[in-house]
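Me: I am new to this structure and would like to look around inside. Could you take me through a few questions?

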Amino acid sequence: MALTHFHNGTIWLGASTETADSLLVDDGVIVAIGSTDVEAQLAEAAAESGSLTDSVDLEVVDLDGGFLMPSFGDGHAHPIFGGLEAEGPQVRSCSSVAEIIAEVARFAEANPELEWITGASYDGSLVAGGLFDARWLDEAVSDRPVVLRAWDYHTVWCNSRALELAGITADTPEPTLGEIPRRGDGSPLGTLREWGAVDLVDAVRPPLDESVRLRALERAADYYLERGVTWVQDAWVEPADVETYLAASAQGRLTIRFNLALYADPRRFSEQLPAMIEARRRVEELADPMLSARTVKFFADGVVENETGSLLEPYCSSLHNHGLRVWEGETLAEAVRAVDAAGFQVHIHAIGDAAVRQALDAVESAIAANGSRDRRPVIAHAQLVDSADLDRFAELGVIANMQPLWAQLDDLMTVLTVPRLGEDRARQQYRMRSILDGGGRLSFGSDWPCTSGTPVEGLAIGTSRQNEAGEPDGGWTPEEIVDIDRALDAYSTAVAHQAFADHSAEPWGSIQVGASADLIRFDHDPRDLPPRELALTRIAATYLGGAAVHSQA
């Protein structure tokens, strides 16, 4: 028997329940909550063994006035992408094109053996319209291909050599589900938007060695554990990614819980579904509590910042441009019905209000076709939701997985988003409280590495709607501010609900008797901290199955 007793602090049981002052864990499972029940359990253990100290392995954790709660989850992220960012030129912190070019040149010189220079993720707002020129990268490297992903992961910037190897010229037609911005003479500029265009480069780029991918996955897990996250929804999983996760599981290298969302491509979906079912079978065969593959990921549109988010009304900057509709006609509904019938959870990227409506319609069609069941469909981002569609989240049981870090007036919002949507429409973004007040479910995610995967930073923004400078007073669109208890819930128990944690072989995601002790500890109660102080708060310890898998030095 291995007992852990947490006491002398606040134990948060969820947004709608009381707190407790004591918690007992036995071999990684919660067995008692509250001092009365804990003392009874300890007395029983002592009676059975004769002495707690002689026969029972008892660890006492003094919270010292701190705060214990269910661990965080990330309901939408890209962990392999995030881990891979450390493998290439470090362009994320660069604040100008000149800095990016200098960093690429430095990296190329330090790594002469690499055939391709690949990196992520540069700030697309550094150049008007997010349009970056291949000739700028040529100044850094001209004899080898260079491919950099933008922060949104929907856009890449290539040098001339990469365009040449991909066969992208003035004569290349516009790809399906993609865009090749061009110069006045028709030649490709160097920026490629959306995967239909990005695939042209990826098709000639050699695959990464599996050891690199495994290293990236481990790096991502370490990143998350430091931030109190023990479960992650990988929201874009290709066949090669499945192999990486399977290898990591077989080698015992998964240190946090992952669920895989298998990517559905409208250009080849009919041939993908059998492979998805087989991938799920292979994952289930491993019976690894750290890995599941119950979800299928759809893109309904792109992003507002490059005008590929799908809108009901056109962009302010393009009179007749409503953005990109990835699945035309009824094809999204047909595909959603198919994966739903196969028992998968649906996870749909929908940024614009037209995409959100299309996603809701698709879920509604699946319910009508396949009958009632516990399906927990997810619409990720839901950046712009038309008022007529707000109540449909609750009616259809759709989980809105939003990224609270985005709900602020930062450069991304003021330079790229607001000018494209207009002031009135921009104020309708990230309607988190409206979803909750309408009876819908809200879970939080980060979309890391597109933006930070640090939950406390998201909590600070979601509970204030203010940027780092504390602006504006009272918050941007303050009617959508989420109170701290519901925000903590959205990053923990709500994500666990999205993850079907209660259906797991080892139930987790809440503090209740019988649940796995997946917990995080703060030195101070986060509910008492002002937003900017909350954003800087470190996790004192992260527990997975009762074991301390991270603690502050």
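Reply: Happy to! This is a predicted model, where local features need pLDDT of at least 70, side-chain atom pairs count only at pLDDT 80 or more, and totals for chains, interfaces and linings use all residues. Residues are numbered from 1 along each chain as its sequence is written, and side-chain values use heavy atoms, leaving out hydrogens and water.

Me: Which helix gives the largest share of the lining of the largest cavity?

Reply: A cavity is a set of points on a 1 Å grid over the protein atoms alone where a 1.4 Å probe fits but cannot get out, and lining residues have an atom within 4 Å of a point. The largest cavity has a volume of about 190 Å³, the space filled by probe spheres set on points joined across faces, edges and corners. Closest to its centre, of the 19 lining residues, are Trp151, Glu305, Trp406, Leu412 and Tyr430. The largest share of the lining, 3 residues, comes from a helix (a DSSP run of H or I, at least four residues, numbered from the N terminus), namely residues 411-421, helix H14.

Me: How many charged residues are in the lining of the second largest cavity?

Reply: Charged residues are Asp, Glu, Lys and Arg; Ala, Val, Leu, Ile, Met, Phe, Trp, Tyr, Cys and Pro count as nonpolar, and the others, Gly among them, as polar. The lining of the second largest cavity includes Asp152, Arg193 and Glu305. By class, this lining has 4 nonpolar and 5 polar residues, and the charged ones number 3.

Key:
1 Å grid on protein atoms, 1.4 Å probe; cavity = no way out; pocket = protein on both sides within 12 Å on 5 of 7 lines; lining within 4 Å. Helix = DSSP H or I, 4+ residues; strand = E, 2+ residues; numbered from the N terminus.
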